[in-house]
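Student: Could you take me through one helix and what packs around it? I'd like the cut-offs spelled out as we go.

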Amino acid sequence: MRAARLIKMVLLLQSRPSMTAAELASELEVSERTVTRDAQALSEAGVPVYADRGRIGGYRLVGGYRTRLTGLARGEAEALFLSGVPGALREMGLEDTASAARLKVSAALLPSLRDASRTAAQRFHLDAPNWFREPTTPELLPAVADAVWDDRRITARYRRGEDEVERELEPYGLVLKAGVWYLCARVAERGAFRVYRIDRFTAVEAGGERFERAADFELPAFWEERAEQFSRSILRAEVVVRLSAEGVRRLPHVVDPPAAREALGRAGEPDGGGWVRVTLPVESEEVAFTQLTALGAEVEVLEPGGLRERFAAEAARLAEVYGRR
């Protein structure tokens with residue numbers, strides 16, 4: 001425990017010109033007295049930790065001291081090599097840069113840990129695209145990725161329906177969702193954040209002007225919020241159904257999972273036969289027919305009447321097909 005703390009202390013001091021005892025105590029989650037003892041232990045071990053006295057004093061490393069990454073455990077080293085997604089890096093044009101970085105980290109590791117990249121790759125692999133979909137890399141993705149890294153404004157043309165629209169964008173971040181690349185960006189002239197599919201861009205030109213990122217923007221939180229909004233926005237209709245216990249179990253696997261959870265959460269108690277009446281948000285009656293057909297006899301559509309009639313007709317047709325000798 002203490003060895004790990006000492007290593008972290010050295011790495012903290014490497015990353016900053018100096019740190020007060022209070023700052024180190026906060027980062028290491030120990031008392032200032034413990035920081036003093038740890039600094040003394042490092043000095044006795046040959047690490048040149050120097051303490052500046054006074055009100056604005058603190059601890060610093062002298063002589064340009066740098067430590068090798070000998071404090072990494074095998075699990076930590078393997079996790080480090082898992083931090084990159086090779087396919088995504090390749091599509092963004094960053095494969096060579098990432099490869100060089102991994103080589104530098106490998107060279108700094110203890111000899112016993114230098115096979116961490118190989119052992120991690122043997123055990124974990126991320127395959128982002130959906131099944132039965134041929135992944136394609138948007139041609140303009142590397143240009144957009146460069147602008148994201150440099151905080152550089154871009155002028156982008158993209159397809160919106162039958163038209164093409166041009167916008168000046170501040171590219172904040174990229175998201176890879178089920179094999180599809182999205183750009184989260186702020187529209188320069190409006191100040192509003194939008195999400196764009198990269199494969200709908202027809203032209204991207206990066207200017208020389210950089211933008212200042214909003215300090216409170218967090219990409220994961222922004223994407224989660226927009227993804228939920230999109231999921232809800234397409235559920236414009238409702239159907240009323242009865243579900244067996246098996247139908248309740250399988251419902252989240254055939255319709256939008258949040259919609260299923262919400263509908264089941266509002267459902268009443270099962271009837272005497274174990275069936276539950278549920279009001280389910282759906283995209284349309286056509287989509288509902290396709291999705292609920294997968295439940296077979298575990299679902300009975302009650303409303304709307306047109307959809308119930310369609311299920312009845314389909315059931316009759318199936319009975320005719322399977323009734324033939």
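Tutor: Happily; here is a close look at one helix and its surroundings. This is a predicted model, in which local features need pLDDT of at least 70, side-chain atom pairs count only at pLDDT 80 or more, and totals for chains, interfaces and linings use all residues. Residues are numbered from 1 along each chain as its sequence is written, and side-chain values use heavy atoms, leaving out hydrogens and water.

The protein has 13 helices and 10 strands, taken as DSSP runs (H or I, at least four residues, for helices; E, at least two, for strands) and numbered from the N terminus. Our helix is H12, residues 285–292, where Ala288, Phe289 and Leu292 are buried; buried means under 20% relative accessible area, exposed over 50%, and partly exposed in between, with a 1.4 Å probe and protein chains only. Viewed down the axis of H12, its buried residues fall within an arc of 100°, so they line one face of the helix. That arc is taken from the directions from the helix axis to the C-beta atoms.

What lies over these residues? The cover of H12's buried residues includes strands E8 (237–243), E9 (276–282) and E10 (299–303), along with helices H10 (245–254) and H13; a contact means heavy atoms within 4.5 Å.

H13 itself spans residues 305–323 and contains leucine 318. With 41% relative accessibility, leucine 318 counts as partly exposed. For the wider setting, buried residues make up 31% of the 325 residues in the protein. Among contacts with a separation of 6 or more, 61% come from residues 24 or more positions apart.
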